[in-house]
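Here's a quick tour of the pockets in this protein, with a stop at one aspartate along the way. Have a look at the fold first.

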Amino acid sequence: DFDIVALGEPLVELNQTHKDQRQYLQGFGGDTSNAAIAAARQGARCAYLTRVGNDAFGRQFLDLWQAEGVDVSGVQVDDDAHTGLYFVQHGPDGHAFSYLRRGSAASLMTPASLESGLIERASFLHVSGISLAISTSACDTVFAAIERARTAGTQVSLDSNLRLRLWPVDRARAVLRETMRAADLFLPSMDDMQHLTGNDDPERTLDWIRDGGATGVVVLKLGKDGSIIDDGAKRIPMPALRVQAVDATGAGDCFAGSLLARRCQGDAWEDAVRYANAAAALSTLGYGAVDPLPRAEQVWERLKDVSA
Ligand code: KDG
C-alpha cells in the first residue's frame, strides 16, 4: 500500500544557469512528480500516475522514479505522443517558465488511465491546478481520480499551482473552486489566490475559500512570510525559514510532498508544516526542481539549527 499517489504531468527541465545565459542544465520537473519525489525522499511510500512518451525523456523519467523509490506501475507509455518539456529562465524578478508540452502524452490521459487501482490503496491522492489545466481529458481524469479517492476513503490533497499560460483565469477559478470543495487538504499560494480572487489579504482569502465551500484543512502559502494553517476551527500563522535561494523552482512541490509525508508519519499539522517549510527552504539552494530536493536527514539537521 501507499502513503501518497500523485497524478499529473512530468516535464523534462532545461534550467538556465547564471554563468552563461545560453547554457541549460537538464533536470526534471512537473509539479506532482516533484512532490512525489520530495515525499519519497522523506521516507513516504509513493506512486505516480501519468503518461509519458515512448522516447528518451520518458525512459529517463521511469529510471528516475524507480531510483527514487516511486512506484511506476500506474505509468502509461504512449507510442504516439512525446514527454513534455519546459525551460526555466532566471531574471531580476525571479524565474520564469516556458513550455513545450501541448499534445504531450500526459495531456492525453483519460479516466481509463486510472485502472491500475493505486488510488484505492493510498492514504492520500495528490493533484494540482496543473494536472487540471493541461487538457480537458486530464481534467476529467483528475475528477475521476477524486471520485475514486472519495469512494475508497483516500484523502485528497490539492495544490492550486495556477499557471495562467495553461488556461484562462475564469475557467481556472471555476474548476479550482469545484476541486477545492472535494479536497481534504488544500494548498493554495497567496500569489495564485490573488489572481483568482483579486484580493491580497490572507484573512479575506481564507474567508473566500471557506465561503466557497472548502471543508478540509487549508494551508495558505505566503512565500517569504511563511504560511497560515486553517483547520476549520482556528488559523495558525507559521513563520518561514530564511535562506539565500538560488532557484525556487519546485519549492512549493517540495512543501506539498514533505507535508504529506509527515502527515503520513503521524505529525500534527503544525509539526508537519514546520518540517515542510524547512524542506522547501532547502530545496531552493540548488538549480532545478528535483536535484536539490532534500532528504529527511538534512531537514532534521536544519530544524535542529533553527530550534537551537
Ligand atoms: O512547481 C514547479 C513546476 O511548475 C515545474 O516543475 C514545471 O510542472 C511544471 C509546470 O507545469 O509549471
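For the residue classes used below, Ala, Val, Leu, Ile, Met, Phe, Trp, Tyr, Cys and Pro count as nonpolar, Asp, Glu, Lys and Arg as charged, and the others, Gly among them, as polar. Keep in mind that this is a predicted model.

Here's how the two pockets look side by side.

| Pocket | Volume | Nonpolar lining residues | Polar lining residues | Charged lining residues |
|---|---|---|---|---|
| Largest | about 1400 Å³ | 19 residues | 15 residues | twelve residues |
| Second largest | about 220 Å³ | five residues | three residues | four residues |

Let's start with the largest pocket, at about 1400 Å³. Its lining takes in 46 residues, and those closest to the centre are His 95, Asp 191, Ala 248, Ala 251 and Gly 252. Which elements give two or more residues to this lining? They are helices α1 (31-41), α6 (190-197), α8 (251-264) and α9 (269-282), plus strand β8 (94-100).

On to the second largest pocket, with about 220 Å³ of space. Part of its lining is a run from Tyr 99 through Leu 100, Arg 101, Arg 102 and Gly 103 to Ser 104. The lining also includes Glu 9, Ser 107, Ala 133, Ile 134, Arg 165 and Leu 166.

Now for that aspartate. Asp 3 sits in strand β1, which spans residues 2-7. Is Asp 3 buried or exposed? Asp 3 counts as buried because its relative accessible area is 9%, under the 20% cut-off. Leaving aside residues up to four places away in sequence, Asp 3 touches Ala 44, Arg 45, Ala 122, Ser 123, Phe 124 and Cys 264.

Key. Residues are numbered from 1 along each chain as its sequence is written. This is a predicted model: local features need pLDDT of at least 70, side-chain atom pairs count only at pLDDT 80 or more; totals for chains, interfaces and linings use all residues. Side-chain values use heavy atoms; hydrogens and water are left out. On a 1 Å grid over the protein atoms alone, a cavity is a set of points where a 1.4 Å probe fits but cannot get out, and a pocket is an open set with protein on both sides within 12 Å along at least five of seven lines; lining residues have an atom within 4 Å of a point. Grid points are joined across faces, edges and corners, and a volume is the space filled by probe spheres set on the points. Helices (H or I, at least four residues) and strands (E, at least two) are DSSP runs, numbered from the N terminus. Buried means under 20% relative accessible area, exposed over 50%, partly exposed in between (1.4 Å probe, protein chains only). Contact means heavy atoms within 4.5 Å.
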